[in-house]
Amino acid sequence: MQLLTGMQPRLFELTEAQQLVRDTARNYAQKRLAPIAGQLDRERRFPAEQLAGLAELGMMGVNIAEEYGGAQAGAVAYALAMMEIAQGCASTAVTMAVNNLVAETIARHGTEAQKRRYVPEITSGRYVAASFGLSEPHAGSDAAALRTTARRDGNEYVINGSKQWITSGDRAGVIIVWARTGVEGNRGISCFLVEGGTKGLHVGRHEDKMGLRASSTVSLSFEDLRVPASAMLGPEGRGFPIALGALDSGRVGIACQAIGIGTAALDSAVRYAKDRHTFGQPIANYQAIRFALADVATELDAARLLALRAAALKEAGKSFTREGAMAKVFATEKANKACDTAVQVHGGYGYIDEFPAERHYRDARITTIYEGSSEIMRIVIGRYLLAH
Ligand SMILES: Cc1cc2nc3c(=O)[nH]c(=O)nc-3n(C[C@H](O)[C@H](O)[C@H](O)COP(=O)(O)OP(=O)(O)OC[C@H]3O[C@@H](n4cnc5c(N)ncnc54)[C@H](O)[C@@H]3O)c2cc1C
């Protein structure tokens with residue numbers, strides 16, 4: 001199998017623009033996010049101020065055209081930025097990831113009026129957040145089983161139903177809501193742009209999560225919520241392909257988020273290993289510790305290459321479904337391993353919140369689950385493997 005399909009030489013040599021985006025993100029992450037990430041987590045405080053700072057730096061529309069307020073720096077630059085921001089604060093990173101995902105989805109599928117109305121609000125930070133409303137209480141991996149309905153009534157649609165696990169759903173200026181307008185299965189699904197505060201939109205339970213505690217995850221319900229027919233994103237009945245395309249991109253973003261978390265865990269483990277003495281010497285001197293850290297560093301580097309390959313394919317306008325799935329399953333599982341190793345290297349101190357290792361461990365855990373679980377990623381990869 002040709003594993004390097006579509007590989008761009010510049011994958012290994014970043015352009016000046018990509019370096020600038022990466023360095024800008026790194027600087028912000030290390031100075032403004034890493035020092036307070038632990039506090040935000042403990043206080044479960046939504047990082048509104050930090051997101052505004054990131055919007056000012058162009059991080060809410062890294063891969064969005066300038067005419068809609070984006071940085072127009074491309075998918076590779078976005079991947080690099082996401083790794084850096086996640087290294088600083090995983091909760092801020094997931095919120096940024098969803099904002100970029102929603103902005104890109106509207107920019108890709110929206111009418112000119114929809115793009116002008118919503119995309120600059122997200123990229124500028126005037127909307128503190130935007131949401132992606134696909135999952136429902138009974139439909140996560142099997143998103144096509146969603147039950148929310150949208151019924152045409154004259155020049156409007158009336159939406160009823162509920163959504164589960166919606167990142168920033170209580171803060172969003174705009175939410176992409178997938179709802180059933182026709183037959184059962186994936187052909188009867190359309191998507192709509194619903195503005196925050198619309199009558200009939202109710203914010204439910206704020207989930208008390210294991211990790212990413214400074215991000216907001218809520219359930220939403222729609223009770224005879226009316227939107228104009230012009231709020232439909234893309235053609236009627238074509239909402240599911242829009243979701244799948246968006247998830248392909250989102251998965252590369254989550255791979256990068258995981259790499260950022262794993263790298264932060266590795267950094268803290270290396271620092272600790274040099275500092276902590278047992279039996280009269282730093283634990284970094286022991287081969288058992290060095291080998292564990294070496295494996296983690298190697299795996300995270302491999303994950304980085306997979307994620308950048310998927311991003312480069314996306315930027316080149318080529319298919320990246322398989323490569324995105326490979327990047328996500330590998331990066332997220334290796335990031336979890338990195339965090340586990342970091343806790344182990346810290347010994348008992350890895351288990352308490354005096355050190356960031358336990359937060360990284362909790363933050364990394366979700367990455368193998370959301371935006372397509374590891375099992376679903378393997379189904380996607382297996383499908384390609386057996387079809388060709
Ligand atoms: C913190 C957080 C934030 C989230 N943010 C959003 C958001 O902003 N927008 C949104 O729409 N959703 C969001 N989600 C939802 C997330 O994408 C889903 O949780 C995820 O897709 C899994 O769905 P599920 O939880 O229903 O699990 P299920 O689909 O019920 O899966 C349960 C288990 O079964 C496995 N499984 C399912 N089907 C198969 C199969 N065919 N073969 C093998 N194994 C299978 C899964 O991999 C998993 O291990 C978020 C979730 C969390 C926890």
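These are my notebook entries on G196, the strands beside it, the domains and the ligand shell.

**Entry 1: the model.** I am working with a predicted model, so I read every value below as computed.

**Entry 2: G196.** I started with the loop that joins β5 (189-195) to β6 (201-206), which is where G196 sits. Is G196 buried or partly exposed? I found 19 C-beta neighbours inside 10 Å, and since burial takes 20 or more, G196 counts as partly exposed. Next I looked up what G196 touches, leaving out residues up to four places away in sequence: the contacts are A172, G173, V174 and I175. I also checked G196 against Y370. The two are 174 residues apart in sequence, and their C-alpha atoms are 23 Å apart in space.

**Entry 3: strand β4.** The contacts of G196 took me to β4, which spans residues 172-180. Eight of its nine residues are buried, so I noted β4 as largely enclosed by the rest of the structure. Which strands pair with it? On the parallel side I have β1 (residues 129-133), joined to β4 by five bridges. Within that pairing, F132 has I176 of β4 as its bridge partner. In the antiparallel sense, β4 pairs with β5 over seven bridges. There I picked out I175, whose bridge partner in β5 is V194. I175 was already on my page as one of the residues that G196 touches.

**Entry 4: domains.** I then looked up the domain assignment, which gives domain 1 as 9-128, domain 2 as 132-238 and domain 3 as 240-387. How far apart are the centres of domain 2 and domain 3? Taken over C-alpha atoms, they are separated by 30 Å. Across this boundary, 14 residues of domain 2 are in contact with 10 residues of domain 3. I sorted the domain 2 side by class and got nine nonpolar residues, four polar and one charged.

**Entry 5: the ligand.** Last, I went to the ligand, which has 21 residues around it. Those that come nearest are S135, G140, S141, T167 and S373. I also asked which elements give two or more residues to the shell; they are β1, β3 (156-167) and α10 (374-387). So β1, the parallel partner of β4, turns up here again. By class I have 10 nonpolar, eight polar and three charged residues in the shell. Why do I place the ligand between domain 2 and domain 3? Both domains give residues to the shell, so the ligand lies between them.

How values were computed. Residues are numbered from 1 along each chain as its sequence is written. This is a predicted model: local features need pLDDT of at least 70, side-chain atom pairs count only at pLDDT 80 or more; totals for chains, interfaces and linings use all residues. Helices (H or I, at least four residues) and strands (E, at least two) are DSSP runs, numbered from the N terminus. A residue is buried if 20 or more other C-beta atoms lie within 10 Å of its own, exposed if 12 or fewer, and partly exposed in between; C-beta atoms are placed from the backbone. Two residues are in contact if their C-beta atoms, placed from the backbone, lie within 7 Å. Two strands pair if DSSP finds at least two bridges between them. Domain bounds come from an automatic or database domain assignment. Ala, Val, Leu, Ile, Met, Phe, Trp, Tyr, Cys and Pro count as nonpolar, Asp, Glu, Lys and Arg as charged, and the others, Gly among them, as polar. A residue is near a molecule or strand if its C-beta atom, placed from the backbone, lies within 6 Å of it.
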